[in-house]
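Here are some exercises to work through with the model open beside you. Try each task yourself before reading on to its solution.

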Amino acid sequence: MTQHRFRLHVQRIDATRNMARYYTMSIEPDLFGGASLVRRWGRIGTRGKERVDLFKDERQAIGHFLSLARRKRARGYKPQPRS
């Protein structure tokens with residue numbers, strides 16, 4: 001069972017390149033007592049894609065979450081409040 005709530009919603013908007021993208025991540029409990037990292041991404045205004053990564057414990061999921069967050073930040077994604 002997860003002890004903490006981890007959620008991140010970032011966007012990358014560049015009008016000169018006609019680009020508007022989002023990336024959302026959250027850590028959620030799975031049915032077997034582990035943790036899952038749920039990722040959703042795509043163009044703003046579309047449904048996009050989704051991927052679920054399963055981990056034995058929350059610690060591994062948090063490490064992967066933080067690693068992905070650093071990579072997205074390096075590519076120009078900025079945190080945005082979800083509406």
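## Exercise 1: Two loop residues

Task: find where Asn18 and Thr46 sit, and describe their surroundings.

Solution. Asn18 is placed in the loop between β1 and β2; strands (E, at least two residues) and helices (H or I, at least four) are DSSP runs, numbered from the N terminus. This is a predicted model, in which local features need pLDDT of at least 70, side-chain atom pairs count only at pLDDT 80 or more, and totals for chains, interfaces and linings use all residues. Residues are numbered from 1 along each chain as its sequence is written, and side-chain values use heavy atoms, with hydrogens and water left out.

Step one is the backbone: Asn18 is not a glycine, yet it has a positive phi of about 55°. Step two is its cover. Asn18 has 72% relative accessibility, so it counts as exposed; the classes are buried for under 20% relative accessible area, exposed for over 50%, and partly exposed in between (1.4 Å probe, protein chains only).

Step three turns to Thr46, which lies in the loop between β3 and β4. Thr46 is partly exposed, at a relative accessible area of 44%. A polar atom of its side chain lies 2.7 Å from the backbone oxygen of Arg43. The C-alpha atom of Thr46 is also separated by 9.5 Å from that of Arg21, 25 residues apart along the chain.

## Exercise 2: The sheet and its edges

Task: work out the strand order of the sheet and explain what happens at its edges.

Solution. Begin with the inventory: the protein chain has one helix and five strands. From the N terminus on, these elements run β-β-β-β-α-β.

Next, trace the pairing, where two strands pair if DSSP finds at least two bridges between them. The five strands make an open sheet in the order β4-β3-β2-β1-β5, paired antiparallel. β4 (49-55) and β5 (78-79) stand at the edges, each with a single partner strand, so one side of each is left without a neighbour in the sheet.

Now look at each edge in turn. On one, two bridges join antiparallel β5 to strand β1 (residues 7-14), and Gln11 has Lys78 as its bridge partner in β5. On the other, β3 and β4 pair in the antiparallel sense over seven bridges, and Leu54 in β4 is the bridge partner of Ser36. The hairpin of β3 and β4 has five residues between the strands, and there Gly45 takes a positive phi near 95°.

Finally, place the helix. α1 (residues 58-74) lies across β1, β2 (19-29), β3 (35-43), β4 and β5. It runs at about 170° to β2, where axes are lines fitted to C-alpha atoms (for helices over the stretch in contact) and angles run from 0 to 180 degrees between N-to-C directions.

## Exercise 3: Rings and a polar pair

Task: which residues do ring pairs link into a cluster, and how are their rings arranged?

Solution. Ring pairs link Tyr23, Trp41 and Tyr77 into a cluster. The search of the whole structure finds three aromatic pairs. Rings of Phe, Tyr and Trp (its six-membered ring) pair if their centres lie within 6.5 Å; planes under 30 degrees apart count as stacked, over 60 as edge-to-face and the rest as tilted.

Start with Tyr23 and Trp41, a stacked pair with 6.3 Å centre to centre and 25° between the planes. The two residues are 18 apart in the chain, with Tyr23 in strand β2 and Trp41 in strand β3. Tyr23 is buried, at a relative accessible area of 6%, whereas Trp41 is partly exposed, at 30%.

Continue with Tyr23 and Tyr77, an edge-to-face pair with 6.5 Å centre to centre and 65° between the planes. This pair spans 54 residues, from strand β2 to Tyr77 in the loop between α1 and β5. Tyr77 has 8% relative accessibility, so it counts as buried.

End with Thr24, also placed in strand β2. Thr24 counts as buried at 7% relative accessibility. Its side chain is joined to that of His9 by a polar contact of 2.7 Å, that is, a pair of N or O atoms within 3.5 Å; within protein, one must be able to donate a hydrogen and the other to accept it, and residues adjacent in sequence count only if both atoms are side-chain atoms.

Key:
Contact = heavy atoms within 4.5 Å.
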